[in-house]
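Grab a pencil and get ready to look closely at a protein. Have a look at the sequence and the 3D view first, then try each exercise before you read its solution.

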Amino acid sequence: MKIDQFNFAGKKAIVRVDFNVPLDENGNVTDDTRIRGALPTLKKILADGGSVIMMSHMGKPKGKVNPKMSLSQIVKNVSEHLGVEVKFAPDCANASAEASALKPGEALLLENLRFYPEEEGKPVGIDKEDSAYDAAKKEMKERQKEFAKKLASYADCYVMDAFGTAHRKHASTAVIDEYFDGDHKMLGYLMEKEVNAVDNVLSNIKRPFTAIMGGSKVSTKIGIIENLLGKVDNLILCGGMTYTFAKAQGGKIGNSICENDKLDVALDVIKKAKENNVNLVLGTDCVAADDFSNDANTQVCMSDNIPEGWEGMDAGPETRKAFADAIKDAKTILWNGPAGVFEFEKFTDGSRAIAEAIAEATSKGAFSLIGGGDSVACINKFGMADKVSYISTGGGALLEAIEGKVLPGVAAINE
């Protein structure tokens, strides 16, 4: 079912949203991109005369109640954006009373789904190596079904609009759908847009294609990096993984972040890039600091010759120029992960150089797709959200989709 063709009048819709928004230490939302992203779907349901039940996770409470990750903290933000006073159900698995009391045009937010281990469906407190693990897993899968069935019981129809968790086979993304027929489950507007944006990058590649992968770890990005080596013309690897590559090639990296067990992986990426004629752009110089803070002393040095006691925190001036050169003439651009510790103002120049080059290429007709929480936060911090083609709300989901994997949250609706 397409959301545009569905009339929600008099219906209760349970919507899987992605309200996993960053909060400061006082529980205030610091970036509301994900809340804004859900609005078209939620407003359509209310405008039709339906009522909306929103469910989401926040953080990784690992199946336990943790007040720091309570969605009660964002009720005021969601109410402001939605233009109605949002009600709150303090227990997502026992919200029948709140759900049945909803009138057309009203909205309810359920407490964090991940306060229950059934949401993720993983056995708690037992090792995979344990002989009892398989039985525990089977039992948890049954409980997951019951949990999903309970959530489904609150509503007449189900809308999947959380691209950020579409790559997870969780109760709220890929089990709850079993309790609705094909005419009563659908993707929300945000999901439709996300799926189309990925198609745009993958099936409609205009060359040159430049991908920028940042972040601290090679290990979390290796699948996507290997996949991209067969697709892109230029691959920029930046952020903390710079130093794993520098060390793998015999460099000195001081106190910089490094995955010592991934040095062979880094060398393999360099080799594969050559084999695929991909222009691999790695940082040659960096801004190093003598402490992990915005007040640290800094110096520019070679990425493979960082003095003892110092750590690489951002891309250096030569590297920023090389990044810009690989981006500005591209026709398809994918950016996931910052080039430095952009949370500190002192170390934003690398990420800013990338953002500016992407904006320039986009103004000349390139299709630019930005995904992953940190890259999105960068673009917003620099006030450049309107200068790129598409900002994805999903990090992991976007990467898996670009790896060519079928996302369970999409498959659940399309079955």
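Below are five exercises, each with a worked solution.

A few ground rules first: this is a predicted model, where local features need pLDDT of at least 70 and side-chain atom pairs count only at pLDDT 80 or more, while totals for chains, interfaces and linings use all residues. Residues are numbered from 1 along each chain as its sequence is written, and side-chain values use heavy atoms, with hydrogens and water left out.

**Exercise 1. A pair of helices**

Work out how helix α11 and helix α12 pack: at what angle, and how far apart are their axes?

Step 1: Know what to look for. Two packed helices are described by the angle between their axes and the distance between the axes.

Step 2: Find the helices. α11 covers residues 317-327 and α12 covers residues 349-363. (Helices are DSSP runs of H or I with at least four residues, strands are runs of E with at least two, and both are numbered from the N terminus.)

Step 3: Read off the geometry. The angle is about 20° and the axes lie 9 Å apart. (Axes are lines fitted to C-alpha atoms, for helices over the stretch in contact, and angles run from 0 to 180 degrees between N-to-C directions.) That makes α11 roughly parallel to α12, a label for angles under 35 degrees.

Step 4: Add the handedness. α11 and α12 cross in a right-handed way, meaning the near helix is turned clockwise from the far one by less than a right angle.

Step 5: List who touches whom. From α11 come R320, F323, A324 and I327, and from α12 come D349, G350, A353, I354, A357, I358 and A361. (Contact means heavy atoms within 4.5 Å.)

Step 6: Sort them by class. This contact has eight nonpolar, one polar and two charged residues. (Ala, Val, Leu, Ile, Met, Phe, Trp, Tyr, Cys and Pro count as nonpolar, Asp, Glu, Lys and Arg as charged, and the others, Gly among them, as polar.)

**Exercise 2. Under cover**

Which residues of helix α2 are buried, and what covers them?

Step 1: Locate α2, residues 75-82; its buried residues are V75, N77, V78, S79 and L82. (Buried means under 20% relative accessible area, exposed over 50%, and partly exposed in between, with a 1.4 Å probe and protein chains only.)

Step 2: Look at the cover, which includes α1 (33-48), β2 (51-55), β3 (87-89) and β4 (107-110).

Step 3: Check what comes next. α2 is followed by G83, and the phi of G83 is positive, near 80°.

**Exercise 3. Charges along a helix**

Find the salt bridges within helix α10 and say which residues they join up with in a network.

Step 1: Start with the total: the structure holds 22 salt bridges. (A salt bridge is a side-chain nitrogen of Lys or Arg within 4 Å of a carboxyl oxygen of Asp or Glu.)

Step 2: Take D268 and K272, whose closest N and O atoms are 2.9 Å apart. Because these two sit four residues apart in α10 (residues 263-275), about one helical turn separates D268 from K272. D268 is partly exposed at 27%, and K272 is partly exposed at 27% too.

Step 3: Take K271 and E275, bridged with 3.7 Å between the closest N and O atoms. K271 and E275 are also four residues apart in α10, about one turn. K271 is partly exposed at 47%, whereas E275 is exposed at 55%.

Step 4: Put the network together: E226, D268, K271, K272 and E275 are linked by salt bridges.

**Exercise 4. One more bridge**

How far apart, N to O, are the side chains of K321 and D325 in their salt bridge?

Step 1: The distance is 3.6 Å.

Step 2: K321 and D325 are four residues apart in α11, about one helical turn. An α-helix has 3.6 residues a turn, so residues three or four places apart point the same way.

Step 3: K321 is exposed at 52%, and D325 is partly exposed at 38%.

**Exercise 5. A residue in a loop**

Is V175 buried or exposed, and what does V175 touch?

Step 1: Place V175 in the loop between α6 (171-174) and β6 (185-187).

Step 2: With 5% relative accessibility, V175 is buried.

Step 3: Leaving out residues up to four places away in sequence, V175 touches Q144, K145, A148 and H170.

Step 4: Look along the chain. V175 and P408 are 233 residues apart, yet their C-alpha atoms are separated by 9.4 Å.

How values were computed:
Parallel < 35°, antiparallel > 145°, perpendicular 65-115°, else oblique.
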